[in-house]
Amino acid sequence: MPTVLALETSCDESAAALVRDQQVLASAVASQVEEHARYGGVVPEIASRRHVEALPALIEQVMAKSGLAYGELDAIAATVAPGLAGALLVGSITGRSLARLHGKPFLGVHHLEGHLCSVHLGEPLPQGPYLVLLVSGGHTEMIRVDGPGAYTRLARSRDDAAGEAFDKVARLLGLGYPGGPAIQAAAAAGDPRRFPLPKGRVSLPEGGFHPYDFSFSGLKTAVLRLVNQLKAEQQAEAARPQPFPLADVAASFEQVVADVLVERTCRCARDQDLRTLVMVGGVAANRRLRAAMERRCAELGLQWRVAPLAYCTDNAAMIAVAAEQRLLAGGVSDIRLAVAPRLALEDAVALYDPQAPF
Ligand code: KG4
Ligand code: ZN
């Protein structure tokens with residue numbers, strides 16, 4: 001079974017991990033969240049610089065923890081697509097340099113394939129063809145998985161990703177960045193049914209609505225309108241001031257996102273006759289969403305798997321698992337492989353062309 005050292009630097013987490021046969025030998029993540037929080041979002045130039053500073057120590061840390069020498073590795077991998085170009089370059093150059101230095105194969109990995117593989121870090125593994133709901137800060141997609149590397153996208157968000165909606169709504173509620181954990185904390189004691197919010201739908205040119213695709217930008221606008229209305233009511237009642245119902249607004253937002261994701265994903269699984277549903281990505285860490293998905297799958301008799309909590313948000317262990325799968329299928333990248341900030345998941349196989357495609 002291959003042992004892989006993997007690096008992840010596609011956005012604002014620097015990460016390194018060592019994995020053997022889908023078992024994590026060591027994994028380390030250095031988050032830059034606090035620094036970007038000052039700006040309300042990720043600043044690409046800062047992200048690249050911090051990766052350069054953080055990565056060497058993370059690599060040393062996971063190598064030391066595993067007790068392995070470079071000679072014992074079978075391959076070195078790094079995320080090369082999609083993501084911030086400068087940030088991806090840091091992991092790619094570091095990974096390729098290590099591979100060259102130690103005479104090991106290099107594998108460039110697609111970040112979304114990494115997220116798909118994060119479910120392999122838990123037990124039990126999903127069986128047969130299954131439907132994945134991938135919900136992160138950059139993507140909200142339903143992907144049918146028929147085997148390693150065999151992916152078909154069945155749905156997507158037409159505008160904001162679910163995580164982006166969490167981040168934007170958190171900002172307008174004054175809750176800081178990243179929004180997901182902040183909203184989850186603020187919503188804990190709230191009433192999730194107090195404020196009805198819209199389940200954004202995508203119209204079809206021939207009439208009606210797309211059965212699975214998502215739209216979250218209208219929801220963000222609806223929350224903004226609700227906040228303004230509540231503030232105006234507060235001012236009108238200045239004589240008897242009421243506290244702003246932050247917990248109820250946060251819980252109502254979280255609930256409608258969970259409802260939409262659960263309803264459409266379960267409908268797609270049923271229509272596609274897929275009996276197993278998997279959830280991965282940063283938003284899959286959300287407690288209300290995990291509970292809602294688990295409940296609905298139980299009602300429908302669907303098998304339900306979710307990535308372990310520690311591996312929902314960006315990490316390098318999931319990148320190592322994706323590299324392991326590709327390596328077992330004979331995949332190795334050209335050492336000259338560059339980064340591809342916008343490569344689609346369906347084109348991930350191009351990363352293993354004998355001649356670097358870009
Ligand atoms: O997968 P990820 O770490 O990075 C991307 O590939 O985008 O996802 C980050 C996103 C952020 O938008 C963050 O707000 C969201 O995941 N997130 C959450 C939670 N934890 C992280 N959203 C909802 N609830 C959470 N507990
Ligand atoms: Zn991610």
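Colleague: What makes the pairing of an oxygen atom of ligand 1 with a polar backbone atom of Gly-180 a polar contact?

Modeller: The two atoms are 2.9 Å apart, and a polar contact is a pair of N or O atoms within 3.5 Å, so the pair qualifies. This is a predicted model, in which local features need pLDDT of at least 70 and side-chain atom pairs pLDDT 80 or more, while totals for chains, interfaces and linings use all residues; side-chain values use heavy atoms, without hydrogens and water. Residues are numbered from 1 along each chain as written, chains are lettered from A and ligands numbered from 1 in the order written.

Colleague: Which side chains have an N or O atom in polar contact with ligand 1?

Modeller: Among them are His-111, with an N or O atom 3.2 Å from a ligand oxygen, and Asn-286, 3.0 Å from a ligand nitrogen. Of the 560 Å² that ligand 1 exposes when taken alone, the protein buries 89% (Shrake-Rupley areas, 1.4 Å probe).

Colleague: How many residues surround ligand 1, and what makes a residue count?

Modeller: There are 20, with Gly-137, Asp-167, Gly-180, Asn-286 and Asp-314 the closest. A residue counts if one of its heavy atoms lies within 4 Å. The shell divides into six nonpolar, twelve polar and two charged residues; Gly counts as polar here.

Colleague: Which elements give two or more residues to that shell?

Modeller: They are α4 (111–117), α5 (162–172) and α6 (179–187). α6 gives the most, four residues. These are called helices because they are DSSP runs of H or I with at least four residues.

Colleague: Why is ligand 1 said to lie between domain 1 and domain 2?

Modeller: Domain 1 (3–116 + 312–352) and domain 2 (127–306) both give residues to the shell, so the ligand lies between them. The bounds come from an automatic or database assignment.

Colleague: What is the omega of the peptide bond from Ala-81 to Pro-82, and of the one joining Glu-123 and Pro-124?

Modeller: The Ala-81 to Pro-82 bond is cis, with omega near -25 degrees; the Glu-123 to Pro-124 bond is also cis, at about -15 degrees. Most peptide bonds are trans. Pro-82 sits in the loop between β4 (75–81) and α3 (85–102), and Pro-124 in the loop between α4 and β6 (130–135).

How values were computed. Polar contact = N/O pair within 3.5 Å; in protein donor to acceptor, adjacent residues only side chain to side chain.
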